[in-house]
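Please open the model in your viewer and keep the sequence panel beside it, since this tour moves from one selection to the next. At each stop, make the selection first, look around, and then read on.

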Amino acid sequence: MAMASTRAPSSAGSLAPGRRTLRPRSPAGLPGFLGLSPSKPTLRRPLALVSGARPCPPLFRCAASSSPAAARPASAPRFIQHKKEAFWFYRFLSIVYDHVINPGHWTEDMRDDALQPADLHSRKLKVVDVGGGTGFTTLGIVKHVEPENVTLLDQSPHQLEKARQKEALNGVTIIEGDAEDLPFPTDTFDRYVSAGSIEYWPDPQRGIKEAYRVLRLGGVACLIGPVHPTFWLSRFFADMWMLFPTEEEYIDWFKKAGFEDVKLKRIGPKWYRGVRRHGLIMGCSVTGVKRERGDSPLQLGPKAEDVSKPVNPITFFFRFLVGTICAAYYVLVPIYMWIKDQIVPKGMPI
Ligand SMILES: C[S@@+](CC[C@H](N)C(=O)[O-])C[C@H]1O[C@@H](n2cnc3c(N)ncnc32)[C@H](O)[C@@H]1O
């Protein structure tokens, strides 16, 4: 894997201070960036690297072994964290996605806040939105970038159909594809954005390695995703449903893929008042800069999931059903938090 040894300035622009045109904002009660440098660790806990993972029985299929979170089989069966289940999940969810799911977990305010570290300072930037679904995040991107320079990729044709109906996305290239195997040449984009999709990737490290590969020198990856709950009941449902990584896992994946200047910004709905114990479906925006041309230095084995392999329909149905029931818990959490926010006087913890 050839890696350029020089560090030329990027045509895409880097995270130079003073070049931002997006207003920096942070929801009340949430700390801003967790700056990360090996000499000055800002994280309270050590990286949650899990070794010696036990093999999973088929019903409790775990993901690939190349990432720490993937090696969490006992506590995290993660019924929907596979491409086939995600496909069927969004076959139905796409019908109500924009109206039922986003308002509780992923508001326009949050989206703008999460995209701010992506530094979309020029309308000429070439941007890819991976797992872009119905185009909610893409709508945030085209506020700053010409739609003709934006590509939206998703594995669900049903989600993409909704995106195609959005007038503001006219001009955006909309294609089907897999986040873990992007159909683009190396060194193509100035920005890689992915919001709320990593939780379905069987091998998140592979997806982040792909983010690195398709970015140009100086390009920025901005990955927005869930964060792991600490409250026991929420943790139970989260781990049964899909992947809720820890903040440390995100940072570890980015660094292993070869990214530099890795930063994590906490996000969350305003009415949560900064509460993170239930986990958040959109809980952080992680960014990293590509400082060398070419592919990621990380070497991985074969893909975790062979989508062409036949599955046992009974096992599949059971996994899908249980996963969907667990997902329903996370429809209720934001409603519960909203009610608490209405009842508990402002300024008091909820
Ligand atoms: C929660 S939605 C997020 C959609 C959009 N980014 C947004 O901000 O509203 C997750 C999306 O990831 C897509 N997805 C899941 N696994 C994928 C994969 N391996 N490759 C591409 N897309 C994937 C799903 O089809 C779904 O549209």
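Which elements do the buried residues of H5 pack against? Before answering, keep in mind that everything you see here belongs to a predicted model.

**Stop one: helix H5**

Select residues 204-214, which form helix H5. The buried residues of this helix pack against S2, S5, S6 and H7, and you may like to colour those four elements now. Eleven of the eleven residues of H5 are buried, so the helix is largely enclosed by the rest of the structure. Among the buried residues you can click on are Pro204, Arg206, Lys209, Glu210 and Tyr212, and the list also includes Gly207, Ile208, Ala211 and Val214.

**Stop two: strand S5**

Next select residues 189-195, which are strand S5. Seven of the seven residues of S5 are buried, so this strand, too, is largely enclosed by the rest of the structure. Strand S2, at residues 127-130, pairs with S5 in the parallel sense over three bridges, and if you display Val128 you can look for its bridge partner in S5, which is Tyr192.

**Stop three: strand S6 and the crossover**

Now add residues 215-227, strand S6, which is mostly covered, with eleven of its 13 residues buried. S5 and S6 pair in the parallel sense, and six bridges join them. The chain travels from S5 through helix H5 to S6, and this β-α-β crossover is right-handed. Within the pairing, Ala195 has Ile224 in S6 as its bridge partner, while Phe189 stands opposite Leu215 in S6.

With S6 still selected, add strand S8, residues 280-289. In which sense do S6 and S8 pair, parallel or antiparallel? They pair in the antiparallel sense, over seven bridges, and one pair to display is Cys222 with its bridge partner in S8, Thr287.

**Stop four: helix H7**

Turn to residues 247-257, helix H7, where nine of the eleven residues are buried, so that the helix is largely enclosed by the rest of the structure. The buried residues include the run Glu247, Glu248 and Glu249, together with Tyr250, Trp253 and Phe254. Step past the end of the helix to Gly258, which follows H7 and has a positive phi, near 115°.

**Stop five: two residues with positive phi**

Select Arg273, which sits in the loop between strand S7 (260-266) and strand S8. Arg273 is not a glycine, yet its phi is positive, near 50°. Is Arg273 buried or exposed? Arg273 counts as buried because 20 other C-beta atoms lie within 10 Å.

Then go to Asp187, in the loop between strand S4 (173-176) and strand S5. Here again a residue other than glycine has a positive phi, in this case near 60°. Asp187 has 16 C-beta neighbours inside 10 Å, and therefore it counts as partly exposed.

**Stop six: Lys270 and the annotated region**

Return to the loop between S7 and S8 and select Lys270, which is partly exposed because 15 other C-beta atoms lie within 10 Å. Draw a distance from its C-alpha atom to that of Trp338: the two residues are 68 residues apart along the chain, and their C-alpha atoms are separated by 9.2 Å.

Now select residues 316-339, where UniProt, in an unreviewed entry, places the feature "transmembrane region". Over these residues the chain is 100% helix and 0% strand, and the end C-alpha atoms are 36 Å apart.

**Stop seven: around the ligand**

Finally, centre the view on the ligand and display the residues around it. Which residues come nearest to the ligand? Of the 23 residues around it, the nearest are Gly131, Gly133, Ser156, Ala179 and Ser197. The elements that give two or more residues to this shell are helix H1, at 83-105, and helix H3, at 136-141. The largest share, four residues, comes from H1. If you colour the shell by class, you should find eight nonpolar, eleven polar and four charged residues.

Conventions. Residues are numbered from 1 along each chain as its sequence is written. This is a predicted model: local features need pLDDT of at least 70, side-chain atom pairs count only at pLDDT 80 or more; totals for chains, interfaces and linings use all residues. A residue is near a molecule or strand if its C-beta atom, placed from the backbone, lies within 6 Å of it. Ala, Val, Leu, Ile, Met, Phe, Trp, Tyr, Cys and Pro count as nonpolar, Asp, Glu, Lys and Arg as charged, and the others, Gly among them, as polar. UniProt positions are given in the numbering used here, feature names are shortened, and annotations may be inferred rather than shown by experiment. A residue is buried if 20 or more other C-beta atoms lie within 10 Å of its own, exposed if 12 or fewer, and partly exposed in between; C-beta atoms are placed from the backbone. Two strands pair if DSSP finds at least two bridges between them. A crossover is right-handed if, with the strands pointing away from the viewer, the path from the first strand over the helix to the second runs clockwise. Two residues are in contact if their C-beta atoms, placed from the backbone, lie within 7 Å.
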